[in-house]
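User: I'd like to go through how the helices in this one pack against each other. Can you pull it up and take my questions as they come?

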Amino acid sequence: DYKVSPFQAMLGISTFSSVISFGSLIQNGELLPNIQFLQQHPSCLQDVVVMSLCSAVGQLFIFHTISEHGPVVFTIISVTRQLLSIILSGMLYGHDIPLPAWAAVLITFSGIFYPTAARSLFAKKKKQA
């Protein structure tokens, strides 16, 4: 009976993913060109390291959010972040956001919020009874 902590599980998954990615780079003949690129552009290596650290910290925040607040809250946070990105992209860069995209956002938010709101209302009615 093994007792693996969530952090050990995340480390294992990340390690396995790194090994698979490394193997894929070797198999496709892309490892050396990538190393050469980083040697020719050393400032890029700093960007790669910073992005990797941000990704790792982000993964910890995701884990914490799901552990403390559940997957529905995390989904709401993720969808809200994506919605804000779409709106900001439209405002800052003048990207056109077609009507079907807004319809998709509405359907997505409805699919997330309706069950949550229904459960909350059901719990309130049950409590009053």
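User: At what angle do α2 and α3 pack, and how far apart are their axes?

Analyst: In this predicted model, helix α2 (residues 31-40) packs against helix α3 (residues 42-69) at an angle of about 110 degrees, and their axes are 5 Å apart. That makes α2 roughly perpendicular to α3, because angles from 65 to 115 degrees count as such.

User: Which residues meet there?

Analyst: From α2 the residues are F37, L38, Q39 and Q40, and they meet P42, C44, L45 and V48 in α3. By class, the contact of α2 with α3 has six nonpolar and two polar residues, with no charged ones.

User: OK, moving along the chain, what is the geometry of α3 and α4?

Analyst: The angle at which α3 and α4 pack is about 135 degrees, with 7 Å between their axes. That makes α3 oblique to α4, since roughly antiparallel would need an angle over 145 degrees.

User: And which side chains or backbones are in that contact, by residue?

Analyst: On the α3 side there are I62, T65, I66 and H69, which meet P71, V73, F74 and I77 in α4. The residues of this contact of α3 with α4 divide into six nonpolar, two polar and no charged.

User: Let me stop at T65 for a second: buried or exposed?

Analyst: T65, which has its place in helix α3, is buried, with a relative accessible area of 14%. It counts as buried because that value is under 20%.

User: What does T65 touch, if you skip its sequence neighbours?

Analyst: Leaving aside the neighbours within four places in sequence, T65 is in contact with G70, F74 and I77. Of these residues, F74 and I77 also appear on the α4 side of the contact between α3 and α4.

User: Now α4 and α5, how do they sit relative to each other?

Analyst: Helix α4 (residues 71-93) and helix α5 (residues 99-128) pack at an angle of about 160 degrees, and their axes are 11 Å apart. That makes α4 roughly antiparallel to α5, because the angle is over 145 degrees. As for handedness, the crossing of α4 and α5 is left-handed.

User: What is the residue list for that one?

Analyst: In α4 the residues are V72, T75, I76, V79, T80, L83, I86 and I87, and in α5 they meet W102, V105, T108, F109, I112, F113 and T116. The residues of the contact of α4 with α5 divide into eleven nonpolar, four polar and no charged.

User: How accessible is T75?

Analyst: T75, whose place is in helix α4, has 33% relative accessibility and counts as partly exposed. Measuring from C-alpha to C-alpha in the model, T75 and I107 are 14 Å apart in space, while in sequence they are 32 residues apart.

User: What about P115, where is it found, and how far is its C-alpha atom from that of V72?

Analyst: P115 is found in helix α5 and is partly exposed, with a relative accessible area of 33%. The C-alpha atoms of P115 and V72 are separated by 9.8 Å, although the two residues lie 43 residues apart along the chain.

User: Last topic, where is confidence lowest and where is it highest?

Analyst: Confidence is lowest in α5, at a mean pLDDT of 82, and highest in α2, at 96. Across the protein the average pLDDT is 89, and 99% of the residues score at least 70. As a general caution, where pLDDT is low, the predicted coordinates should not be read in detail.

Methods: Residues are numbered from 1 along each chain as its sequence is written. This is a predicted model: local features need pLDDT of at least 70, side-chain atom pairs count only at pLDDT 80 or more; totals for chains, interfaces and linings use all residues. Side-chain values use heavy atoms; hydrogens and water are left out. Axes are lines fitted to C-alpha atoms, for helices over the stretch in contact, and angles run from 0 to 180 degrees between N-to-C directions. Helices (H or I, at least four residues) and strands (E, at least two) are DSSP runs, numbered from the N terminus. Angles under 35 degrees count as roughly parallel, over 145 as roughly antiparallel, 65 to 115 as roughly perpendicular and the rest as oblique. A crossing is left-handed if the near helix is turned anticlockwise from the far one by less than a right angle, and right-handed if clockwise. Contact means heavy atoms within 4.5 Å. Ala, Val, Leu, Ile, Met, Phe, Trp, Tyr, Cys and Pro count as nonpolar, Asp, Glu, Lys and Arg as charged, and the others, Gly among them, as polar. Buried means under 20% relative accessible area, exposed over 50%, partly exposed in between (1.4 Å probe, protein chains only). pLDDT is the predictor's confidence in each residue, from 0 to 100.
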